[in-house]
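Please work through the following exercises with the sequence and the model side by side. Each task is followed by a solution that goes step by step.

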Amino acid sequence: MLNEDFDTNRYQGGGYLPARNALTKTMSIRTQIRSVLILALPLILAEVGWMAMGIVDTIMVGHMANPALAISAAALGQVLYNTLAFGLAGILLGLDTFLSQSHGAAKFDEANRWLYHGLILSAALALVLIVLIAAAPVIMLRLPIDHQVLTGSVSFLRALNWGTPPLFLAFALRRYLQAFNHVRLIALSAVTANLINVFGNWILIYGHSWGPVHIPALGVTGSGLSTSFSRLYLAVYMAGAVWYVDHRHHYGLRSMLRRFEPKRLRRLVLLGAPAGGQIFVEISIFGVVTYLIGTMGRLPLAGHEIALNCASLTFMVPFAISAAAAVRVGQAIGRNAPQEAWSAGWAAILLGAGCMAVFSAVLLLIPHAIASAFTTNRAVIAATIPLLFVAALFQFFDGLQITATGALRGAGNTHAGLIVQIIGYWLIGLPIGYVLAFRLHYGAVGLWLGLCAGLIIAGITLTLIWRHTTKRKLSSVSAQPLATG
């Protein structure tokens with residue numbers, strides 16, 4: 001199933017498929033842009049909806065009596081939870097490769113078995129995260145950060161942890177839907193889940209009374225509970241959506257092989273672990289930066305949280321395009337169409353980088369309006385604006401690195417992104433940021449400039465890796481003699 005070499009001479013139906021026949025069916029990048037967009041647009045809505053939950057949480061707590069304290073507490077809780085959750089859930093990204101290649105080869109039974117083992121893996125990963133989050137306060141409360149911020153953050157984390165099992169279930173089921181091109185159902189889930197989250201935040205953060213019914217104001221804790229309720233809804237929705245598409249298209253999920261296969265689970269973990277590791281490396285660097293900024297006080301940390309929310313929101317667009325790239329490239333490989341895989345990968349990279357260039361202009365032009373949407377506190381706004389300028393600098397390269405990673409993942413290469421980001425973020429970006437922040441006294445801006453350097457390196461390097469990989473593979477294909485049956 002896994003085809004890292006774009007094998008175009010695979011035995012099919014009693015004869016070999018000539019490599020040059022595949023090349024004659026060239027699909028231009030322009031054509032692929034449309035195909036990638038059709039798949040990516042609903043995913044963009046879904047990913048933006050996912051991140052909007054965190055942004056809504058920040059905006060809601062940002063209008064409490066003490067916004068710097070409330071936003072800082074939510075910041076520490078969100079960055080720790082997201083770092084661990086995305087890193088562990090990232091292991092399930094191996095499903096993108098196996099499911100999309102199975103779909104491309106029209107092997108639905110094979111895809112169903114991959115989903116079954118993906119669900120088993122998601123349950124195990126959810127249990128790991130629950131234990132880690134439950135144990136986190138032991139370390140967190142000893143950090144050299146404002147104690148009120150830490151206690152609020154611990155309470156927020158405990159509330160978020162209730163939503164861990166449904167979060168992982170929804171994540172696994174979603175891989176199946178997008179690999180089978182049912183992305184509109186995913187987009188609808190994002191819209192409705194956010195409506196639930198907004199309503200839940202309004203009730204639980206500020207508290208309300210209706211006659212004999214009294215709901216106390218839970219503050220930051222209420223924000224976490226609201227997000228957990230929204231994730232429970234997402235899991236139920238995804239399960240219903242998968243049942244619906246199977247009932248309508250007869251993929252055979254009801255009769256899927258339920259026999260546990262350790263080898264299949266091991267293959268899924270081995271492919272997905274580097275992808276999860278890459279996400280962990282990328283998000284954890286922001287976690288370390290959040291901790292370092294937290295030692296500077298509430299205001300820098302509140303400004304960092306707002307700017308990070310904005311950067312995370314824009315990142316969701318190329319992240320969704322990256323998922324579409326993994327599916328399109330994987331399906332093309334499953335169909336023995338290397339030129340189509342090449343075109344799909346480059347179309348996704350161009351789309352991701354182009355969108356982020358537009359977001360860069362937005363961050364540069366209206367930073368005050370963006371910061372003011374989160375809070376009316378002038379000091380917090382002033383701490384946010386310089387960080388938005390830095391975010392504008394790395395948007396383009398962030399788009400490059402994540403879409404190139406998706407294209408490589410569709411081809412079965414999940415190691416390149418992990419290696420590049422370890423070098424770019426931890427060996428280069430973090431040391432630069434630390435020197436600028438604490439030696440040259442640029443504060444939070446210095447740390448963000450270090451992140452910017454890491455993203456620039458990652459974006460350029462991963463794009464070159466995709467170019468080298470496709471050029472080498474396609475050259476070897478075109479050099480092959482025509483095979484005879």
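**Exercise 1. Determine whether Asn 181 is buried, partly exposed or exposed, and describe its backbone.**

Step 1: the class follows from the relative accessible area, where buried means under 20%, exposed means over 50% and partly exposed is in between, with a 1.4 Å probe and protein chains only. At 38% relative accessibility, Asn 181 therefore counts as partly exposed.

Step 2: Asn 181 sits in the loop that joins α7 (164-179) to α8; helices here are DSSP runs of H or I with at least four residues, strands are runs of E with at least two, and both are numbered from the N terminus.

Step 3: the phi angle of Asn 181 is near 70 degrees, which is a positive value in a residue other than glycine. Most residues other than glycine have a negative phi.

A note on the basis of these solutions: residues are numbered from 1 along each chain as its sequence is written. The model is predicted, so that local features need pLDDT of at least 70 and side-chain atom pairs count only at pLDDT 80 or more, whereas totals for chains, interfaces and linings use all residues, and side-chain values use heavy atoms, with hydrogens and water left out.

**Exercise 2. Find out how many residues of α4 are buried, and what covers them.**

Step 1: eleven of the eleven residues of α4 are buried, so this helix is largely enclosed by the rest of the structure. Among them are Gly 94, Asp 96, Phe 98, Gln 101 and His 103.

Step 2: the cover over these buried residues includes α5, α7, α10 (262-294), α11 and α14.

Step 3: take His 103 as an example from helix α4; with 18% relative accessibility, His 103 counts as buried. Contact means heavy atoms within 4.5 Å, and, leaving aside neighbours within four places in sequence, His 103 is in contact with Phe 108, Ala 179, Phe 180, Asn 181 and Gln 331.

Step 4: α4 is followed by Ala 106, whose phi is positive, near 60 degrees. Ala 106 belongs to the loop between α4 (94-104) and α5 (108-140), and Ala 106 is exposed, with a relative accessible area of 54%.

**Exercise 3. Locate Thr 375 and Asn 201, and list what each one touches.**

Step 1: Thr 375 is placed in the loop between α13 (367-372) and α14 (378-410), and at 1% relative accessibility Thr 375 counts as buried.

Step 2: although Thr 375 and His 63 are 312 residues apart along the chain, their C-alpha atoms are separated by 6.0 Å. Beyond residues up to four places away in sequence, Thr 375 touches Gly 62, His 63, Pro 67, Ile 306, Val 380 and Ile 381.

Step 3: Asn 201 lies in helix α8 (residues 183-206) and is buried, with a relative accessible area of 0%. Once neighbours within four places in sequence are set aside, Asn 201 is in contact with Val 56, Asp 57, Met 60, Tyr 206, Ser 223 and Ser 226.

**Exercise 4. Identify the residues of the largest nonpolar core that touch the most other members.**

Step 1: a nonpolar core is a set of buried Ala, Val, Leu, Ile, Met, Phe, Trp, Tyr and Cys residues joined through side-chain atoms within 4.5 Å.

Step 2: the largest nonpolar core has 125 residues, and Leu 43, Tyr 81, Leu 92, Leu 129, Phe 168, Ile 321 and Trp 448 touch the most other members. Helix α11 (residues 298-334) gives the most to this core, with 17 residues.

Step 3: a second, separate core of 18 residues includes Ala 332, Ala 341, Ala 404 and Ala 407.

**Exercise 5. Describe the protein as a whole, beginning with its helices and strands.**

Step 1: the protein has 16 helices and four strands. Its radius of gyration, taken over C-alpha atoms, is 23 Å, close to the 23 Å that the globule rule gives for 485 residues, so the protein is as compact as a globular protein of that length; the globule rule is 2.2 Å times the number of residues to the power 0.38.

Step 2: of the 485 residues, 59% count as buried. Among contacts with a separation of 6 or more, 84% are accounted for by residues 24 or more positions apart.
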